[in-house]
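Hi,

Here's the structure I said I'd pass on. Have a look at it first, and then my notes below should be easier to follow.

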Amino acid sequence: MAANSENTGSETFRLFQSTDEGKNAPNFGGLGFFDSLETPLPPPPPCEEILPSEVSISVKYAVEQVDLGDVTLLKGRVSTREVFALSNSDLVPGKYEGGLKLWEGSLDLVKALHSEIQKGDLSFEGKKVLELGCGHGLPGIFACLKGAGSVHFQDFNAEVLKCLTLPNVNANLPSGTSVSDNCKIRYFAGDWGEVDCILPHARTDSKDAASSNDNATPGYDLILMAETVYSITTLPNLYSLIKKCVSRPHGIIYLAAKKHYFGVGGGSRRFLSIVEKDGILTTSLIAEVVDGSSNVREVWKLSCK
Ligand SMILES: C[S@@+](CC[C@H](N)C(=O)[O-])C[C@H]1O[C@@H](n2cnc3c(N)ncnc32)[C@H](O)[C@@H]1O
């Protein structure tokens, strides 16, 4: 295992040198990426829809403000130790995939979406939105605030949805307000390799046969994702899921990620090489963040050809 790892008994990985745990602001610190998994992954957790009533009331949740220039959102802080019995880990592959931490790409994505709206290149009004690998869910929350008709939040871990995403949605979109009344919000836990079977607007053979979609048009108008392309092994499943989920021909995908995640082999460029090889989506770079660290962050927009 490469330097900077933390071994707490199970295989733990650090994607950054430090996390935001125990501090007042998100830590978007340095580099120090980790390498590959030599032990086989455990089977993924089952795919399940999480209902708003399943919001955790036992895990401590402290609210903080996230200031993004023109946009201010609220985010919670919960302890990885309390939820997963892990101390200060960025992620544990196959068990906990990093959803409790706020990653800098999600803030890059919210800023980029805001700028797209201001330029007249994007509208969320009435749109069906899916946030993949949501964690805190700030891009999806932003979509609700900007008039989305529905937002579906997906995370690997049901615990993340119950302990963090749901409380974040409740903090930013209190019930009884026009925004929360107008946007239909649902939550789905599961691995990208199989979660399409429960995502209401995804195209799957079984769902098409049963005509069970709750909307006549299959596919999501907008798919948002931040910091989801770090692990090289998950990229094919993630891309395949996106193809099942994006509405054609007008659906759009916004992706925020680091250009390279050193050591794990993933990154925006690696993911885009899969996309470009397949040839059904066009790609354009809409934002680049070069903040003096050696790792460039990017926001990409993918559209159907
Ligand atoms: C690095 S975190 C990013 C969280 C959030 N988007 C952010 O930027 O703060 C990666 C996210 O992708 C999800 N994820 C990673 N691998 C996954 C997989 N194989 N299937 C489903 N979700 C996965 C994790 O649960 C987590 O929410």
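I'm calling a pair of N or O atoms within 3.5 Å a polar contact. Keep in mind too that this is a predicted model.

With that cut-off, start at the ligand. Q154 puts a polar side-chain atom 3.3 Å from a ligand nitrogen, so the pair falls within 3.5 Å and makes a polar contact. Backbone atoms join in as well: a backbone N or O atom of G133 sits 2.7 Å from a nitrogen atom of the ligand, and a polar backbone atom of W103 is 2.9 Å from one of the ligand's oxygen atoms. How much of the ligand does the protein bury? On its own the ligand exposes 580 Å², and 99% of that is buried by the protein.

The shell around the ligand holds 20 residues, and the closest are W103, G133, D155, W192 and A226. Sorted by class, that shell comes out as seven nonpolar, eight polar and five charged residues.

Next, helix 2, which covers residues 104-118. At 1.5 Å a residue, its 15 residues should span 21 Å, and the end C-alpha atoms are 22 Å apart, so the two values agree. Eleven of the 15 residues are buried, which means the helix is largely enclosed by the rest of the structure. The buried set includes nonpolar-looking names you'd expect to check, such as L107, L109 and V110, but also E104, D108, H114 and E116. Just after helix 2, G120 takes a positive phi of about 80°.Now the cysteines. How many disulfides does a search of the whole structure find? Zero. C183 is in no disulfide, and the nearest cysteine sulfur, that of C144, is 3.4 Å away. A disulfide needs the two sulfur atoms within 2.5 Å, so this pair does not count as one. C183 is buried, at 5% relative accessibility. C134 is buried too, because its relative accessible area of 7% is under the 20% cut-off.

One last spot is G147, in the loop between helix 3 (138-145) and strand 5 (150-155). Is G147 buried or partly exposed? At 26% relative accessibility, G147 counts as partly exposed. G147 and N182 are 35 residues apart along the chain, with their C-alpha atoms separated by 7.7 Å.

Over to you.

How values were computed: Residues are numbered from 1 along each chain as its sequence is written. This is a predicted model: local features need pLDDT of at least 70, side-chain atom pairs count only at pLDDT 80 or more; totals for chains, interfaces and linings use all residues. Side-chain values use heavy atoms; hydrogens and water are left out. Buried means under 20% relative accessible area, exposed over 50%, partly exposed in between (1.4 Å probe, protein chains only). A residue is near a molecule or strand if one of its heavy atoms lies within 4 Å of it. A polar contact is a pair of N or O atoms within 3.5 Å; within protein, one must be able to donate a hydrogen and the other to accept it, and residues adjacent in sequence count only if both atoms are side-chain atoms. Accessible areas come from the Shrake-Rupley method with a 1.4 Å probe; for residues, only the protein chains shown count as cover. Ala, Val, Leu, Ile, Met, Phe, Trp, Tyr, Cys and Pro count as nonpolar, Asp, Glu, Lys and Arg as charged, and the others, Gly among them, as polar. Helices (H or I, at least four residues) and strands (E, at least two) are DSSP runs, numbered from the N terminus. The expected span of a helix is 1.5 Å times one less than its number of residues.
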